[in-house]
Amino acid sequence: MKRSKRFLVVAGARPNFMKIAPIMHSFAKHNADFDKVVVKLVHTGQHYDRRMSDDFFSDLGILNPDINLAVGSGTHAEQTARVMVAFEQVCLEEEPDWVVVVGDVNSTLACSITARKLGINVAHVEAGLRSRDMSMPEEINRICTDAVSNLLFTTDELAGDNLRNEGVSVDRIDFVGNTMIDTLLRNLNKALSLPLPAGLREREFGVVTLHRPSNVDSVESLSPLFQAIQEIAARIPVVFPVHPRTRNSLQTFGLLNYGPNIRLVEPLSYIPFISLVSRACFVLTDSGGIQEETTVLKIPCLTMRNNTERPITCTLGTNTLVGTDPARIVSTAFHALNHGIGRSSIPPKWDGASGERIVAALLACVGIAASGSARAAQAAGVATP
Ligand code: UD1
């Protein structure tokens, strides 16, 4: 009897869950092919708190992971190594034809390298993003993952340009759009139907997120940023769902003394978070994905970084890089409050159908769906980058 085609889809940390959901949903639509295709979801357990992980599965309507590696926190080397050791065993047992990884977290890097060394095909979703900032662990993860992946699914043409400039053959690149936006569009109505938390009014509050190690791990970097947030909050209420890393730092550096206009809350799950962002008058963040979500929601986004791997959110979208100088952060926030963002547009193929394109391409790679992209099918035969 002919062996089923087997896919392992990997997620590890909070931003991964929104990216894999549309892929899992699209695979589920091909139920009729399921005697020929087996798809399993592997959670590495890099994020493990209910608020950073489990709540997202229920919000996004994805089934519980088939396999949980439960690696937990650690140094970069410890975390990456634990995922590699555990995932190698999974690959040996499951014998997948393809491993699908998303984003740029340690789990993405660990699973792509492990699979490729076992001779398993790897597809990277959200390939080709580059901040050119090698002090970001995510940049190292992106470059290494792209280097070993057989098939590179990109969110925009600039990411494709980055890959081509690095010498990647065009056969390995497939511009499919943005699965994080699939998830946003699918859940937006549900998010908008939630009531706003008591005391907040539409377009009369800001949302803050902050968790990059370079911004939160030292008092010298966190204190001025928190000062800027307090100055903004003196003019308009600010909701700040706090990442565990940031809460630890705020506690350690004695910064938990703040005015009544800052609402520090636990990390929110997906739908309540989108509900807030879509009704805010601005977002102040150092996240990657939020730059993209605000572009589609047409909410001004002020990014507290000096670079971005997502420049299309600045050129087409609503994003402004404000760096980490508190005076500049405050003045740009006030400018956004007074004048809004001006014209912006939504990048091509950020249309809610990216998960479908990816699954069509992957099925074509294993010879199942004729509707898949021909280039992707060709790429499956490209064993060595
Ligand atoms: C990771 C990703 C980052 C992503 C972010 C989103 C890497 C290199 N970084 O960073 O790209 O933007 O997730 O959140 O993969 N912790 C908990 N509970 C959890 C998870 C983490 O308490 O469920 C705490 C631990 O103390 C841990 C710290 O948060 O040491 C940092 O977690 P970690 O996964 O190492 O990195 P993030 O900063 O979350």
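**A note on the ligand site**

1. Let's start with Tyr48: one of its backbone N or O atoms lies 2.9 Å from an oxygen atom of the ligand. That pair is a polar contact, meaning two N or O atoms within 3.5 Å.

2. A word on what you are looking at: this is a predicted model, where local features need pLDDT of at least 70 and side-chain atom pairs count only at pLDDT 80 or more, while totals for chains, interfaces and linings use all residues. Residues are numbered from 1 along each chain as its sequence is written, and side-chain values use heavy atoms, with hydrogens and water left out.

3. Side chains reach the ligand too. Gln46 places a polar side-chain atom 2.8 Å from a ligand oxygen atom, and Arg245 also has a polar side-chain atom 2.8 Å from an oxygen atom of the ligand. Taken alone, the ligand exposes 730 Å², of which the protein buries 87% (Shrake-Rupley areas with a 1.4 Å probe).

4. Now look at the whole shell. The ligand is surrounded by 20 residues (a heavy atom within 4 Å), and the closest are Gln46, His47, Asn106, Glu138 and Arg245.

5. Where do these residues come from? Helices H1 (14-29), H3 (76-94), H5 (137-148) and H10 (244-252) each supply at least two of the shell residues (helices are DSSP runs, H or I, of at least four residues, numbered from the N terminus).

6. Finally, the ligand lies between domain 1 (5-178 + 349-380) and domain 2 (189-339), because both give residues to its shell. The domain bounds come from an automatic or database assignment.

Terms used
A polar contact is a pair of N or O atoms within 3.5 Å; within protein, one must be able to donate a hydrogen and the other to accept it, and residues adjacent in sequence count only if both atoms are side-chain atoms.
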